[in-house]
Amino acid sequence: MTLVSMKNMLEQALEGGYAVGQFNLNNLEFTQAILLGAEEEQAPVILGVSEAYIPYMGGLPCIAGMVRALIDHYGITIPVALHLDHGSTYEVCLRALQAGFTSVMIDASHHGLEENIDVTGRVTQAAHVLGAAVEAELGRITGREDDLVVDEAEGMYAVPEDCVRLVRETGIDCLAPALGSVHGPYRGQPKLGFSRMEEIRRLTGLPLVLHGGSGLPDEEIREAIARGTSKINVNTDNQAACTAAIRSYLAEHPEAYDPRSYLIPAREAVKASVRAKIRLFGCAGKAEGSRR
């Protein structure tokens, strides 16, 4: 199956009361694991690429080419979206679209509202011409976003009225409002703003996105989905599963030197992590509905 926009899959998720997982690509093995895990669960899936990983993975055309080649090699049949995660500028979003990404996130949340609207609107105009979807962020999500560290004191809930303006004036397809989640490992109990989440969903009419889906209790995930969250981003849990598998293998096989010997178990660990999240999000078996 060819790459698709995430717009339809998120609208179907909102209507069906489940969420689609965005799982970030870190290397070849992560890409294989996510595609195969989602295929085995027959779930639509979003492959996320954070801006910091673009040079590490050989550039945007290389990433898009690898994803397409693997879809063909494995005979992947589920809907797959290739998504730029936390694009910092109009220019990087445009380069991703030109490389064949089917959705982009423009993160202008560190700017004031007016500039956020201006940048996001320009990205959305360009993306929609190419049939791609756009995600935007409002408010600051605490934790680490690639190389940007957001102090906990700066983390704030998004203002519903600002969300309405952003959506109305830009035409974005989904919104990531800051509502208490964090990037990276959680320190202490997260406090998600469920009532505000529901209010923003009602006022904007859009599928909402939850960043920092790793480490959240299952009940928090289910509640977020019930309140209108249709896309949940996961990376740290998969990274932890990968690293734990490699450490375990090398501890038991100190003589190992062929990278395949420890990367294959690592790939299987990531795939198991992805499949567990897909089942938690309720999107297993939803591939067919997402194609419509």
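A residue is called buried when its relative accessible area is under 20%, exposed when it is over 50%, and partly exposed in between (1.4 Å probe, protein chains only). The model is predicted, so local features need pLDDT of at least 70 and side-chain atom pairs count only at pLDDT 80 or more, while totals for chains, interfaces and linings use all residues. Residues are numbered from 1 along each chain as its sequence is written, and side-chain values use heavy atoms, with hydrogens and water left out.

**Exercise 1. State whether T204 is buried or exposed, and describe its surroundings.**

Step 1. T204 has a relative accessible area of 13%, and therefore counts as buried.

Step 2. T204 belongs to helix α8 (residues 194-204). Helices (H or I, at least four residues) and strands (E, at least two) are DSSP runs, numbered from the N terminus.

Step 3. Leaving aside residues up to four places away in sequence, T204 touches C163, V164, V167 and L175. Contact here means heavy atoms within 4.5 Å.

Step 4. The T204 side chain also reaches the backbone oxygen of I200, at 2.8 Å.

**Exercise 2. Check the length of helix α10 and find which residues it buries.**

Step 1. The expected span of a helix is 1.5 Å times one less than its number of residues. For the 17 residues of α10 (residues 236-252) this gives 24 Å, and the end C-alpha atoms are 24 Å apart, which agrees.

Step 2. In α10, N238, A241, C242 and A245 are buried. Viewed down the helix axis, the buried residues of α10 fall within an arc of 95°, so they line one face. The arc is that of the directions from the helix axis to the C-beta atoms.

Step 3. These buried residues pack against β1 (20-24), α2 (28-41), β11 (229-234) and α11 (259-281). On the face of α10 turned away from the buried side lie the exposed residues R247 and A251.

**Exercise 3. Describe how helix α5 is packed and what follows it.**

Step 1. Helix α5 (residues 90-99) has V92, C93, A96, L97 and A99 as buried residues. Seen down the axis of α5, they fall within an arc of 165°, so they line one face of the helix.

Step 2. The partners of the buried residues of α5 are α3 (53-56), α4, β3, β4 (103-106) and α6 (113-129).

Step 3. After α5 comes G100, with a positive phi near 110°.

**Exercise 4. Compare the settings of Q42 and H86, two residues with positive phi.**

Step 1. Most residues other than glycine have a negative phi. Q42 is not a glycine, yet its phi is about 50°; H86 is not a glycine either, and its phi is about 55°.

Step 2. Q42 lies in the loop between α2 and β2 (45-50), whereas H86 lies in strand β3 (residues 80-87).

Step 3. Q42 is partly exposed, because its relative accessibility is 30%. H86 is buried, because its relative accessibility is 8%.

**Exercise 5. Identify which residues touch the most other members of the largest nonpolar core.**

Step 1. A nonpolar core is a set of buried Ala, Val, Leu, Ile, Met, Phe, Trp, Tyr and Cys residues joined through side-chain atoms within 4.5 Å.

Step 2. The largest such core has 86 residues, and L25, L47, V80, L82, F101 and F281 touch the most other members. Helix α4 (residues 60-74) gives the most to this core, with 7 residues.

Step 3. Beyond four places in sequence, the residues that F101 touches include V49, L60, I63 and A64.

Key:
A polar contact is a pair of N or O atoms within 3.5 Å; within protein, one must be able to donate a hydrogen and the other to accept it, and residues adjacent in sequence count only if both atoms are side-chain atoms.
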